[in-house]
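Trainee: Got a minute? I'd like to go through this one with you.
Mentor: Sure, put it up.

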Amino acid sequence: MSAMLEVKDLVVSYGKIKAVKGISFTVDQGEVVSLIGTNGAGKTTTLRTISGLLRPVSGSIVFDGRDLTKVAPHEIVSLGLAHSPEGRRIFPKLSVEENLLLGAFSRKDKGIREDLAAAFELFPILEERRAQPAGTFSGGEQQMLAMGRAMMSRPKMLMLDEPSMGLSPLMMKRIMTTVTTLQQQGTTILLVEQNAQAALRRATKGYVLEVGSIVLSGTGKELLASDDVRKAYLGED
Amino acid sequence: MSTVTHSPDTTDTELSRLDRLREQHGDRAAILAVAGGALLLVSGLLSWSYDNRILDDVSVRFYPLGIQLYAMLLGIVALALGVLLFRRPQWLNPGRGLRAVGWGSVVFALAGIIAVAYQAGGLINVNEGGWVGLAGAVLVLAGGLLSPHVDLDVRTWPRLPSWAEILVIVVMLGLLLFATAYTLNVDDPATFGCLLITLLAVAIGLVGSGFGEYLGFIGQNNRRPLLLAAFLVAFLFPFTQDGSDANMSIATQILIFAATALGLNIVVGLAGLLDLGYIAFLGTGAYVGAMLSKSAFATIGWNPPFLVVMLLGMLVASIFGLIIGSPTLRVSGDYLAIVTLGFGEIFRLAMFNLDGNNGPDLTNGPNGIPGIPDLNFFGFDFGQTHTVAGIPLGRFSNYYFLLLLLIAFVILVFTRLNDSRIGRGWVAIREDERAAEAMGVNVFGLKLLAFAVGASLAGLAGTIKAHQDTSVTPDQYIFLESAFLLAAVVLGGMGTVAGVLVGATVLKLLPEKARIVNDYRLLIFGLLLVVMMRFRPEGLVASKRRQLEFHEDDEELAEIVQSEHLEEAK
């Protein structure tokens, strides 16, 4: 296993406020890596910086052997790094199909129709409602669409920002199962979650973020078993 | 749901009163409408005034002219809708059409009566025709108000054989051509006003009854023939003018305005960028055209062929677009609006001052570059009158044909971009810029592209405008012109071709034909925009998706959009 993504001493700030204070972590090929932490820990900031939407103050982000810190966001998508943003950010007035096609915007090859079929296979409900404006969807369906859309760029690695936010336990389970399915199909996944239990159970590796710094790391199982994590994130004494 | 519920000032009790009336007398609605239509028809055969100098002579009985004819037209439409009300087809709602025609007829009859009374000195001078017309109009309105509401079933639209559908298109466009030619030749302002009311009432009546939607459906099934027929009709228009340049001059103004508005529509309607200085790009093209022309006042002694001039106009305008766009498109929309506004003024002031006293003499300052000769393509002189099939075609007709080609080119660029991957990227940027960025849409690049393409189309139009106007001066390119272009886009329907053509026509034609509109045009257009934003924010002609953006809670509309998507997917 080689490192697909290597983040080193990453510092990101909004003006004078440092949101991420020098974190380092790696994601190896084929892994599911979870970044967990409370609100404001810097998880979303980290993802947005990796996909080029924010620029770091210092540090490096190496994806597939290339430094991303100076690469434009649309080129990062072309390199095979997809980002399903926080709050899903689907296009509410566009149809499901148009949303999916926009996910493939970075591509110009002929395989887009096949991938559309693959997305429909992953989430059959999307095919049923392919012509429906996406804004009429429930939260869970929107999340499926957001994931399907991110997969349309045929990424080597997929970054999911809080896919379980606001979902029913049942729907959350469905989404998390899909994460495993995608991993088995060969996609590397970087998962950001507040729901530590769900995220860690499926993770090969996990990092705990607290106010911009990584305070704990280990395999998913280790972290789940760790007293600190259990106290802070799983509400156990 | 009844349409009356949308009116906020109708209280519940009034509503129920109208509903009760509708239940009690609903079956008489058709009779009222037919009777009213018949009265309107008769009023056209009666005299409206003693004085034959008023309203182009409406004093003669059984020889309808002017508003007598319009009354008869309204009568025929009301009759037809009334008869349809008896038949009750599932795909038409004659009641709603009757309401529109009814209101229109009442306004029309009152306007006619007031015009006669005002010019002849008192209501006593209004002849029986006016009163019969008013009575008929009121009956039609009553019939419309009482007619039951119909839930339209668009799936029962009758499908005609394709030749018949094409025939419908050709006939409708032929009627449009006839109506346009006729309208433009009406000179009496009061008659012109009454004609506009009539045409508006008929149009809204047809749309309201669902007939307009059906026509749209036919048009959508025959896009190519529709487009060809539309261009054929536009092409035939100069032949209806008998060599007169009066209307052709207005028509060329409209075409230039429309072509520029379509270019702006790429920037505003497709990419969602607010440009308040767009007229500067038209000016850039015009100045390029003027400076490289054979005018004695041209400041550059180089006269390349016009084809080269057109390309240079596009190039220079798009370079300006890139210069303005690259620093500003990175920031949010409001800044862009301010910067483009500033650019528009800077352009005008620069043209005003590049007169040799301050910097190089490029533009002759406020005097501009006059005496630009007419175009000459391979010996075809645009300044001469040419006779084709016995019909003389004057100078403006020549430019009209050239501008028609320009419009066709602009429409081609617009639709190809809209349907392409680039168009999809623009939609994404408009909807949610951050999400688009995360999807791998090159937001900055696509915005810059929209800016440059829009600018180059305006520049192209400008090079032709310079020759057609024969002179270019800085004061033609004031901020107000940018505002009017934007108004045409918003009024007509952002992101649509047909809408912008309609908007541009309305905004250019009204001030030319009706003096009163010209004097108060800012006031009137301002009011028009306010009213539009209240009642139809998506513009006169709107794509269904645009409509959905403004009426999110309309489930019926959402279903229509969905079925359209499905059609497209197939």
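Trainee: Which strands does helix α1 of chain A lie across?
Mentor: Keep in mind that this is a predicted model. Helix α1, residues 43-50 of chain A, lies across β3, β6, β7, β8 and β9 of that chain.

Trainee: And what angle does α1 of chain A make with β7(A)?
Mentor: About 145 degrees.

Trainee: What about helix α7 of chain A, what does that touch?
Mentor: Helix α7 covers residues 169-184 and packs on the sheet. There α7 touches β3, β7 and β8 of chain A. Its direction makes about 155 degrees with that of β8(A).

Trainee: OK, the sheet itself. What's the strand order?
Mentor: β6-β7-β8-β3-β9-β10, all in chain A. That's an open sheet of six strands, with mixed pairing.

Trainee: Which ones are the edge strands?
Mentor: β6 (81-84) and β10 (213-218) of chain A. Each pairs on one side only.

Trainee: How many degrees does the twist average?
Mentor: 15 degrees from one strand to the next.

Trainee: Zoom in on β3 and β9 of chain A. Parallel or antiparallel?
Mentor: Parallel, over four bridges. Strand β3 is residues 32-36 and β9 is residues 205-210.

Trainee: What stands opposite A:Val33?
Mentor: A:Lys205, in β9(A).

Trainee: New topic: chain B. How many residues does each chain put into the contact?
Mentor: Chain A gives 25 residues and chain B gives 23 residues.

Trainee: Which helices of chain A supply residues there?
Mentor: α2 (73-78) and α3 (96-103) each supply at least two residues of the side that touches chain B.

Trainee: And that side by class, how many of what?
Mentor: On chain A, eleven nonpolar, ten polar and four charged residues.

Methods
Residues numbered from 1 in each chain as written. Chains lettered and ligands numbered in written order. Predicted model: local features only at pLDDT ≥ 70, side-chain atom pairs only at ≥ 80, totals over all residues. Pairing = 2+ DSSP bridges. Axes fitted to C-alpha atoms, helices over the stretch in contact; angles between N-to-C directions. Contact = placed C-beta atoms within 7 Å. Nonpolar A, V, L, I, M, F, W, Y, C, P; charged D, E, K, R; others polar.
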